[in-house]
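The exercises below ask you to read a structure step by step, moving from its strands to its side chains. Please keep the sequence and the model side by side as you work.

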Amino acid sequence: QVQLQESGGGLVQAGGSLRLSCAAPGRAISVYAMAWFRQAPGKERELVAVISRSGGRSYYMDSVKGRFTVSRDNAKNTVYLQMNSLKPEDTAVYYCAAKAAALLAALPGTGVGDYNYWGQGTQVTVSS
């Protein structure tokens, strides 16, 4: 069992930045591909970004490309999502997710069902 803890959410004006963190205390995340999902009210949960075990590969949803950056520090058992140029449509609860991966460069699928472990989420609200 992997417990994931998100932090860093909050209220920010459009154009601003936030950095989300996802920690796995006492657990080595180096064996997991890690992802960020988000869910806005009335909408399905969607993949925002995913990063491979090694950090060498990543994938982003089209609407955040060039604005968001996913990174990881395996020594600190933490994954980050740097969010710049935020827009009101980025408002959602952001979730961290993990999936065990055999290959260092593997990227899991983009669906909710492709991930085994989830955090409780952190709210991001972008005002216009």
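**Exercise 1. Strand partners**

Work out how β4 pairs with β9 and with β5, and in what sense each pairing runs.

*Solution.* Begin with β9, with which β4 pairs in the antiparallel sense over 8 bridges. This is a predicted model, and every value used here is computed from it. To fix the register of this pairing, take Ala33, whose bridge partner in β9 is Lys99. Next, turn to β5, which covers residues 46-51 and pairs with β4, again in the antiparallel sense, over 5 bridges. Here a useful reference point is Met34, which has Ile51 of β5 as its bridge partner. Finally, look at the hairpin of β4 and β5, where 6 residues lie between the strands and Gly42 takes a positive phi near 80 degrees.

**Exercise 2. The surroundings of a strand**

Decide why β4 can be described as largely enclosed by the rest of the structure.

*Solution.* A residue counts as buried when its relative accessible area is under 20%. By that test 7 of the 8 residues of β4 are buried, and the strand is therefore largely enclosed by the rest of the structure. Phe37, which lies in this strand, is an example, since its relative accessibility is 0% and it counts as buried.

**Exercise 3. An aromatic pair**

Find the geometry of the pair formed by Phe37 and Tyr115, and state which parts of the chain this pair ties together.

*Solution.* The structure holds 4 aromatic pairs. One of them joins Phe37 and Tyr115, whose ring centres are 5.3 Å apart and whose planes make an angle of 80 degrees, which is an edge-to-face arrangement. Now place the two residues: Phe37 is in strand β4 (residues 32-39) and Tyr115 is in the loop between β9 and β10 (117-118), so the pair ties together parts that are 78 residues apart in sequence. Tyr115, with a relative accessibility of 5%, counts as buried. As a further step, add Trp118, because ring pairs link Phe37, Tyr115 and Trp118 into a cluster.

Trp118 also has a charged group over its ring, for the charged end of Arg45 sits there at 5.0 Å from the ring centre. Arg45 lies over the face of Tyr95 as well, at 3.6 Å from the centre of that ring.

**Exercise 4. Salt bridges**

How many salt bridges does the structure contain, and which residues are linked in a network?

*Solution.* The count comes to 4 salt bridges. Consider first Glu46 and Arg38, whose side chains meet with an N to O distance of 3.0 Å. The two partners differ in exposure, as Glu46 is partly exposed at 32% relative accessible area, whereas Arg38 is buried at 6%.

Then consider Lys65 and Asp62, which also form a salt bridge at 3.0 Å, N to O. Lys65 counts as partly exposed at 49%, while Asp62 is exposed, with a relative accessible area of 62%.

Next comes the salt bridge of Arg67 with Asp90, in which the closest N and O atoms are 2.8 Å apart. Arg67 lies in the loop between β6 (58-60) and β7 (68-73), and Asp90 in the loop between β8 (78-83) and β9 (92-100), so this pair ties together parts that are 23 residues apart in sequence. Arg67 is buried at 10% relative accessible area, and Asp90 is buried at 1%.

To finish, assemble the network, in which salt bridges link Arg38, Glu46, Arg67 and Asp90.

**Exercise 5. Two loop residues**

Describe what surrounds Asp90 and Ala105 once the neighbours within four places in sequence are left aside.

*Solution.* Start with Asp90, which is in contact with Arg38, Arg67, Phe68, Ser85, Val124 and Val126 when those neighbours are set aside. Within its own loop region, a polar atom of the Asp90 side chain lies 2.8 Å from the backbone nitrogen of Lys87.

Continue with Ala105, which is located in the loop between β9 and β10 and is partly exposed at 37% relative accessible area. Beyond its sequence neighbours, Ala105 is in contact with Ser52 and Arg57. Ala105 and Ser52 are 53 residues apart in sequence, yet their C-alpha atoms are 5.3 Å apart in space.

Methods
Residues numbered from 1 in each chain as written. Predicted model: local features only at pLDDT ≥ 70, side-chain atom pairs only at ≥ 80, totals over all residues. Heavy atoms only, no water. Buried < 20%, exposed > 50% of the residue type's maximum accessible area, 1.4 Å probe, protein only. Helix = DSSP H or I, 4+ residues; strand = E, 2+ residues; numbered from the N terminus. Phe/Tyr/Trp six-rings, centres within 6.5 Å; stacked < 30°, edge-to-face > 60°. Lys NZ or Arg CZ within 6 Å of the ring centre and 35° of its normal. Polar contact = N/O pair within 3.5 Å; in protein donor to acceptor, adjacent residues only side chain to side chain. Contact = heavy atoms within 4.5 Å. Pairing = 2+ DSSP bridges.
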